[in-house]
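Please examine the model shown here together with its sequence. A series of questions and answers then works through its architecture.

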Amino acid sequence: MYYMGLVGEYLKNYAKTRLTYRADFWIEVLSDLLFQATNLIFIFVVFMHTPTLAGWTRDEMVFVYGYFMIPYGLFICFFNLWGFSERYIVKGEMDRILTRPAYNLFQILLENVDPPAVIGSFIGTVMMGICWVRLGLPFGLLEVGVLLVMIVGSVMIYFGIYIALTSISFYSDAPTGILPLVYNIQSYGRYPMTIYNRFIQVLLTWILPFAFVGIIPASYFITGKGMKQLALYTPLVGIVAFAIGLTLWNIGIKKYRGAGS
Amino acid sequence: MMSTYVELIRMRFLTMLAYRVNYYSGILIYTLNIGVYYFTWQAIYGGQGTLAGFTADQMTTYIAVSWMARAFYFNNLDREIAGEIRDGSVAIQFIRPYNYIVVKMMQGLGEGCFRLLLFMTPGLVIACLLFPVKLPHDPKLWATFAWMLFMSFLINSQINIITGLSAFFIENNEGMMRMKRVVVDLFSGVIVPISFFPGWLKGLNEWLPFQAITYLPSSVFTGRVPNGDILGVMAVQVVWLVILTLPIIVLWRSARHRLFVQGG
């Protein structure tokens with residue numbers, strides 16, 4: 001209950017600061033969407049020249065991309081800690097966080113919420129919906145339920161991977177460059193796994209499980225992709241990633257000595 | 001006067017060198033980007049011979065060369081300029097005995113030298129080792145490519161300077177800078193070669209400067225432009241270089257009357 005109250009307070013605060021610069025808010029939304037649009041344009045342009053990509057049609061690929069956008073938007077909104085090292089370690093803001101009673105990671109996440117990102121999730125949902133109809137896929141309560149579980153699983157995977165990597169900054173305050181690196185690997189998860197070689201397939205499925213934030217869970221809903229079984233592992237992989245991320249964070253935070261002045 | 005500008009190139013180069021570690025991961029990121037497009041294109045080609053005038057092999061080379069060219073010509077001059085306008089330090093630049101725009105261009109060139117030697121070159125070597133990239137053997141083609149790449153750098157920097165200077169007129173040009181980035185990546189041909197675009201978009205692109213940044217040099221380098229047409233392609237770049245100089249002069253002239261420092 002105490003934590004729910006905090007969420008409310010932080011969001012109120014966020015709204016107040018953002019409403020001062022209304023134009024910036026919409027510019028941010030628009031430019032985020034433009035970035036997503038490039039990937040979508042790539043898919044559309046490519047399918048003007050080929051009927052299928054590794055057995056996937058255009059509508060199926062857009063379906064996958066739509067799915068990909070949903071957990072991604074939620075992750076960016078609630079769990080993204082892109083500038084953590086710079087702001088909390090180098091500038092020492094972590095000191096302020098640690099003197100307060102609420103759980104440290106919870107406070108940091110709340111300070112960095114980015115609600116405009118959710119608009120990407122909405123657009124992803126719409127894209128998925130349109131393709132759902134065009135592909136004539138079955139749709140019922142079961143599908144909605146499974147979809148929600150998959151999305152939660154995928155968001156947990158993002159959370160786990162990025163929180164684990166962010167905890168590295170407790171050991172080294174120099175930028176390691178590993179975060180942007182992994183960020184770029186994530187785009188591999190939007191395409192059918194069969195187009196990659198064995199090494200990348202294993203990497204994306206079991207080590208940095210980005211296949212579970214896009215292609216695998218999305219293919220649960222598309223018939224004939226042979227990944228229905230694997231897709232059901234999404235929530236499990238999510239829980240494992242989440243647990244690893246949170247554990248590494250809690251170990252790392254004990255190492256925090258404060259570098260700021 | 002010239003020595004001042006050369007010194008600026010050297011200083012920026014040395015500054016970049018001090019932060020070279022930050023760019024090592026950049027090489028890997030670009031390789032990863034090449035990778036995802038390489039695998040995707042391989043799957044797209046499947047058994048098909050040519051798509052939009054590209055064979056699968058040419059496409060691999062095109063992607064690798066284009067991304068690594070981007071590693072060279074990319075810079076944040078727009079952000080630097082906008083930042084200096086916003087915090088007011090541009091006022092000092094007005095009274096210094098040099099041309100601010102040329103200074104920015106030279107700093108960009110210093111960064112470009114660094115990127116060429118420590119980012120693009122090792123990156124291209126790694127890309128060649130990992131992917132079946134076929135670079136041409138003709139030294140004349142290499143020389144042409146080097147020149148065209150230099151022109152890409154100039155044109156891209158001009159576009160960045162124009163975007164940066166817009167901060168004089170729009171108080172917060174963050175959105176413009178981000179949109180510029182997307183537009184440049186999309187229409188320069190890094191993400192999809194322009195010949196893949198539908199007809200109307202292809203036609204539009206012929207009237208835009210962006211193709212001169214990546215699509216033209218990479219097309220020449222992958223051997224897709226017949227020998228007789230190379231001079232014409234090079235001329236397109238020169239034309240854009242000249243045309244883009246005009247808005248810079250106009251913006252800079254009118255900016256002097258508009259300077260409005262926000263805080264600082």
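The questions below treat this predicted model from whole chains down to single residues.

Q: How many helices and how many strands does chain A have?
A: Read along the sequence, chain A follows the pattern α-α-α-α-α-α-α-α-α-α-α-α-α. The count for chain A is therefore 13 helices and 0 strands.

Q: What does the radius of gyration of chain A say about how compact the chain is?
A: For 261 residues the globule rule gives 18 Å, and the radius of gyration of chain A, 19 Å, is close to that value. The C-alpha trace of chain A spans about 60 × 40 × 35 Å along its principal axes. Because the radius is close to the rule, chain A is as compact as a globular protein of that length, with a radius of gyration of 19 Å.

Q: What percentage of the contacts in chain A with a separation of 6 or more comes from residues 24 or more positions apart?
A: Buried residues make up 52% of the 261 in chain A. Among contacts with a separation of 6 or more, the share from residues 24 or more positions apart is 75%.

Q: Which pattern of helices and strands does chain B follow along the sequence?
A: Chain B has 11 helices and 2 strands. Its C-alpha trace spans about 60 × 40 × 30 Å along the principal axes. Read along the sequence, the pattern of chain B is α-α-β-β-α-α-α-α-α-α-α-α-α.

Q: What is the radius of gyration of chain B, and what does the globule rule give?
A: Of the 264 residues in chain B, 56% are buried, and residues 24 or more positions apart supply 80% of the contacts with a separation of 6 or more. The radius of gyration is close to the value from the globule rule, so chain B is as compact as a globular protein of that length. The radius is 19 Å, and the rule gives 18 Å.

Q: How far apart are the mean positions of the positive and negative charges of chain B?
A: Chain A carries 17 positive and 13 negative side chains, with the centres of the two sets 4 Å apart. Chain B has 19 positive and 13 negative charges. The mean positions of the two sets in chain B are separated by 2 Å.

Q: Which helix gives the most residues to the largest nonpolar core?
A: The largest nonpolar core holds 151 residues, and A:Tyr196, A:Phe210 and B:Trp41 touch the most other members. The greatest contribution to this core, 14 residues, comes from residues 21–45 of chain B, which form helix α2.

Q: Which residues of chain B are in contact with A:Tyr196, leaving aside its neighbours within four places in sequence?
A: Within chain A, the contacts of A:Tyr196 beyond those neighbours are A:Tyr188, A:Tyr191, A:Gln201 and A:Leu204. From chain B, the partners of A:Tyr196 are B:Val36 and B:Phe39.

Q: Which elements do the buried residues of α9(A) pack against?
A: Helix α9 of chain A covers residues 178–185, and its buried residues are A:Leu179, A:Leu181, A:Val182, A:Asn184 and A:Ile185. They pack against elements of both chains: α8 (141–166) and α10 (198–207) of chain A, together with α2 of chain B.

Q: Is B:Lys180 buried or exposed?
A: B:Lys180 lies in helix α8 (residues 174–187) of chain B. Beyond its neighbours within four places in sequence, B:Lys180 is in contact with B:Asp78, B:Ile159, B:Asn160 and B:Thr163. The C-alpha atoms of B:Lys180 and B:Thr163 are separated by 7.5 Å, although the two residues are 17 residues apart along the chain. Because its relative accessible area is 13%, under the 20% limit, B:Lys180 is buried.

Q: Where is A:Ala54 placed?
A: A:Ala54 is not a glycine, yet it has a positive phi of about 50 degrees. With a relative accessible area of 35%, A:Ala54 is partly exposed. Its place is in the loop between α2 (22–46) and α3 (58–79) of chain A.

Q: What is the relative accessibility of B:Ala52?
A: B:Ala52 is in the loop between β1 (50–51) and β2 (54–55) of chain B. Its phi is near 45 degrees, a positive value in a residue other than glycine. B:Ala52 counts as partly exposed, its relative accessibility being 26%.

Conventions: Residues numbered from 1 in each chain as written. Chains lettered and ligands numbered in written order. Predicted model: local features only at pLDDT ≥ 70, side-chain atom pairs only at ≥ 80, totals over all residues. Heavy atoms only, no water. Helix = DSSP H or I, 4+ residues; strand = E, 2+ residues; numbered from the N terminus. Rg over C-alpha atoms; globule rule 2.2 N^0.38 Å. Buried < 20%, exposed > 50% of the residue type's maximum accessible area, 1.4 Å probe, protein only. Contact = heavy atoms within 4.5 Å. Lys, Arg positive; Asp, Glu negative; His and termini not counted. Charge placed at Lys NZ, Arg CZ, Asp CG, Glu CD. Core = buried A, V, L, I, M, F, W, Y, C linked by side-chain atoms within 4.5 Å.
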